Amino acid sequence: MPTIELLKELQAAPFHRKVAITQTRIMEWYFKFKGQVYVSFSGGKDSTVLLHIARRIFPDVEAVFCDTGLEYPEVRQFAKSFDNVTVMRPKMRFDEVIKTYGYPFIGKEVAERVYNSRLCIAGGGQLFQALLRTHRRITRSE
């Protein structure tokens, strides 16, 4: 299991060692899946470097770019300028997802608080006022 010490050691390694480790991992990945692999390519700096390293070893590696509609036009154009890039689009745009399912939250606790707040608002604010009075009593007594 990786440890914080191993992470620090790898971070301190010289650049050529990091590239060699990356190349080894790419080869392991490629051979494990018998070449039936792809690089998830966002058009950003990290995935661009990864795609470059992978294609230096295996020029046939496909890249997959997910065009969500939220990318800057320049990023979209850059990603599509590469050879052997499959462009995928979600069935539903992000704004449609938000309208249909609501905005994604950090966690269940935050989602629950928002849900309860909406219930309070829908109830004419009476429940909200009661919760607020309860909260004030609790915080004063602490």
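**Close-up 1. Surroundings of the buried residues of helix 3 in a predicted model.** Helix 2 (15–32), strand 1 (38–40), strand 2 and strand 3 (85–88) are among the elements that cover the buried residues of helix 3, where contact means heavy atoms within 4.5 Å. These buried residues (under 20% relative accessible area, 1.4 Å probe, protein chains only) are Ser47, Leu51, Ile53, Ala54 and Arg55. Helices (H or I, at least four residues) and strands (E, at least two) are DSSP runs numbered from the N terminus. Residues are numbered from 1 along each chain as its sequence is written. Local features need pLDDT of at least 70 and side-chain atom pairs pLDDT 80 or more, while totals for chains, interfaces and linings use all residues; side-chain values use heavy atoms, without hydrogens and water.

**Close-up 2. Span of helix 3 (residues 45–57).** The end C-alpha atoms lie 19 Å apart, which agrees with the 18 Å expected for 13 residues at 1.5 Å a residue; the expected span is 1.5 Å times one less than the number of residues.

**Close-up 3. Asp67 in the loop between strand 2 and helix 4.** Asp67 counts as buried because its relative accessibility is 8%. Its side chain reaches the backbone nitrogen of Gly69 at 3.2 Å. Apart from neighbours within four places in sequence, Asp67 contacts Arg76, Lys80, Val87, Met88, Arg89 and Pro90.

**Close-up 4. Leu70 in the loop between strand 2 (62–66) and helix 4 (73–80).** With 56% relative accessibility, Leu70 counts as exposed (over 50%). Leu70, Phe94 and Tyr103 make a nonpolar surface patch of about 320 Å².

Methods: Patch = residues over 30% accessible without salt bridge, like charges linked within 9 Å, V, L, I, M, F, W, Y side chains within 5 Å. Areas by Shrake-Rupley, 256 points an atom, 1.4 Å probe, with all protein chains shown as cover. Salt bridge = Lys/Arg side-chain N within 4 Å of Asp/Glu carboxyl O. Polar contact = N/O pair within 3.5 Å; in protein donor to acceptor, adjacent residues only side chain to side chain.
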